[in-house]
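Hi,

Here is the structure I promised to pass on. Have a look at it first, and then read my notes underneath.

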Amino acid sequence: MSDGFDRAPGAGRGRSRGLGRGGGGPEGGGFPNGAGPAERTRQPPPPQPKAPGFLQQQPPPLRQPRTAPPPGAQSERPAGAPRPPRPAPLPEQTRPQDSVPQQNPEPAMAKPQVVVAPVLMSKLSANAPEFYPSGYSSYTESYEDGCEDYPTLSEYVQDFLNHLTEQPGSFETEIEQFSDTLNGWVTTDDALQELVELIYQQATSIQNFSYMGARLCNYLSHHLTISSQSGNFRQLLLQRCRTEYELRDQAAKGDEATRKRFHAFVLFLGELYLNLEIKGTNGQVTRADILQVGLRELLNTLFSNPMDDNLICAVKLLKLTGSVLEDAWKEKGKTDMEEVIQRIENVVLDANCSRDVKQMLLKLVELRSSNWGRVHVTSTYREATPENDPNYFMNEPTFYTSDGVPFTAADPDYQEKYQELLEREDFFPDYEENGTDLSGAGDPYLDDIDDEMDPEIEEAYEKFCLESERKRKQ
């Protein structure tokens with residue numbers, strides 16, 4: 001056991017290699033050249049076993065356990081040394097290692113394999129036809145050819161409504177063609193009723209389409225020429241809205257899905273009130289009074305069922321139409337908006353709604369107190385006078401008399417005080433407009449003025465001009 005601890009690192013490898021040269025074995029005690037234990041005691045300490053020539057160098061560092069040796073480590077040997085016979089494996093190397101792959105028996109380094117990435121052939125081309133998303137291309141192609149590619153009216157109208165939903169900016173350029181196509185297709189009462197239902201469903205099922213749907217309804221109400229026995233487009237649309245309006249009490253108390261559909265209808269009705277124009281016999285354009293009455297009743301229904309989503313819908317409706325409704329009620333001498341605000345304050349005090357919803361209601365009351373955020377200008381800039389504009393002198397400076405009394409341009413004796421101030425301070429010497437001095441010779445201020453520059457300043461100025469010219473030419 002002492003032999004194993006006394007040998008130097010790498011001696012075990014030399015001993016195993018010496019077996020092939022007759023120097024090691026049981027007779028020799030495992031030492032090179034047959035040295036026995038007796039010879040070992042006569043050598044000077046510490047004993048250094050002599051290794052073969054190809055091992056007479058610093059011992060290699062110990063290999064890390066359970067890892068593969070670095071590539072090329074087995075091929076390191078001095079130049080010119082003969083290739084030694086392959087030694088027998090040591091016991092440490094015969095132990096199975098889970099994570100070490102089996103090495104190549106040849107000591108030479110394996111050639112690295114070059115991995116060539118596969119070349120992907122693209123089918124894209126700069127000469128490919130223009131791409132359109134699904135739904136858009138079918139409508140665009142059919143739009144140019146009229147409605148020949150659509151077998152039914154509902155498919156054509158639904159495709160156009162989806163197109164407006166995706167691209168609302170195309171309303172102005174394409175609504176005329178759409179209206180002309182409908183005039184040639186909608187020729188029966190059933191077709192007109194189907195058209196109204198399609199637009200209503202799109203406006204109440206897609207939240208972002210309520211405004212565009214109201215604009216579409218207003219345009220078609222003035223440009224569709226068909227008038228069925230049940231009425232024209234606008235009349236059928238109002239009848240459809242009335243059908244939903246009569247179910248308001250049940251809808252406000254229904255489940256979440258029912259209330260969601262009801263809220264979409266309320267906001268669409270608000271958009272209709274703002275966008276639907278009715279032309280009178282004398283050409284005057286007015287809003288539908290029937291919608292104004294309906295919105296008032298819908299607000300009562302929402303506040304009578306003070307659930308959070310109902311109150312949020314009421315806040316959205318008032319933000320949308322509150323200013324217009326209040327102006328219309330004031331013209332008729334009604335105080336409906338005052339009653340609505342009082343109803344909101346009662347809900348904030350008594351209802352069991354969330355704190356966020358109460359905060360929304362209070363913010364709405366604050367918005368209404370500021371005239372719905374509107375700013376009325378009493379007069380334009382050119383028409384403003386001290387008599388009709390209280391802010392006429394707002395940006396004028398403040399002066400002080402010799403006694404320390406402040407005065408502004410709004411004071412009646414402003415001109416007299418201001419002239420006195422100018423004379424006292426002598427702000428403006430007596431000069432003519434052409435610059436001629438009328439104050440006479442001997443003015444101490446004017447005598448100090450010298451038109452000639454100091455030599456240093458003149459030199460610096462010349463350098464500056466030359467540098468500027470050089471940079472400009474670059």
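Below is what turned up, going from the whole chain to a pocket and then to a few single residues.

One thing before anything else: this is a predicted model, so please read every value here as computed from predicted coordinates.

**The chain as a whole**

The protein chain has 474 residues, and 28% of them count as buried. Its secondary structure comes to 18 helices and 4 strands. If you look at contacts between residues with a separation of 6 or more, 61% of them join residues 24 or more positions apart. The accessible surface is about 33500 Å², and carbon and sulfur atoms own 51% of that.

**The second largest pocket**

You may want to start with this one. The second largest pocket holds about 540 Å³ of space. It is lined by 21 residues, and Q207, K260, H263, A264 and L267 are the closest to its centre. Three elements give two or more residues each to the lining: helix 7 (189-205), helix 11 (256-275) and helix 13 (308-331).

Which helix gives the most to that lining? Helix 11 does, with 10 residues. As for chemistry, the lining splits into 9 nonpolar, 5 polar and 7 charged residues.

**Just before helix 11**

K253 sits in the loop between helix 10 (248-252) and helix 11. Is K253 buried or exposed? Its relative accessibility is 60%, and the cut-off for exposed is over 50%, so K253 counts as exposed. Even so, K253 has partners from further along the chain: setting aside neighbours within four places in sequence, it is in contact with N305 and M307. L302 is 49 residues away from K253 along the chain, yet their C-alpha atoms are separated by 9.5 Å.

**The loop between helix 15 and strand 3**

This loop gave me the most to write about. A bit of background: most residues other than glycine have a negative phi. Against that, N371 is not a glycine and has a positive phi of about 60°. W372 also has a positive phi, near 60°, and is likewise a residue other than glycine. N371 lies in the loop that runs between helix 15 (355-369) and strand 3 (399-400), and W372 is in the loop between helix 15 and strand 3 too.

How accessible are they? N371 counts as partly exposed because its relative accessibility of 27% falls between the 20% and 50% cut-offs. W372 has a relative accessibility of 10%, which is under 20%, so W372 counts as buried.

What does W372 touch, leaving aside its neighbours within four places in sequence? The list is L318, G322, S323, E326, M337, L364 and L367. There is also a pairing in space with T321: W372 and T321 are 51 residues apart in sequence, and 9.9 Å apart from C-alpha to C-alpha.

P397 is in the loop between helix 15 and strand 3 as well. With a relative accessible area of 40%, P397 is partly exposed. The C-alpha atoms of P397 and T408 are 6.5 Å apart, with the two positions 11 residues apart in sequence numbering.

**Cysteines**

A disulfide is a covalent bond between the sulfur atoms of two cysteines. How many disulfides does a search of the whole structure find? The count is 0. Two cysteines to look at while you are there are C313 and C353: C313 is buried, at 4% relative accessibility, and C353 is buried with a relative accessible area of 10%.

If you only have a few minutes, open the second largest pocket and find the 10 residues from helix 11, then go to W372 and its positive phi.

Cheers

Conventions. Residues are numbered from 1 along each chain as its sequence is written. This is a predicted model: local features need pLDDT of at least 70, side-chain atom pairs count only at pLDDT 80 or more; totals for chains, interfaces and linings use all residues. Side-chain values use heavy atoms; hydrogens and water are left out. Buried means under 20% relative accessible area, exposed over 50%, partly exposed in between (1.4 Å probe, protein chains only). Contact means heavy atoms within 4.5 Å. Accessible areas come from the Shrake-Rupley method with a 1.4 Å probe; for residues, only the protein chains shown count as cover. On a 1 Å grid over the protein atoms alone, a cavity is a set of points where a 1.4 Å probe fits but cannot get out, and a pocket is an open set with protein on both sides within 12 Å along at least five of seven lines; lining residues have an atom within 4 Å of a point. Grid points are joined across faces, edges and corners, and a volume is the space filled by probe spheres set on the points. Ala, Val, Leu, Ile, Met, Phe, Trp, Tyr, Cys and Pro count as nonpolar, Asp, Glu, Lys and Arg as charged, and the others, Gly among them, as polar. A disulfide is a pair of cysteine sulfur atoms within 2.5 Å.
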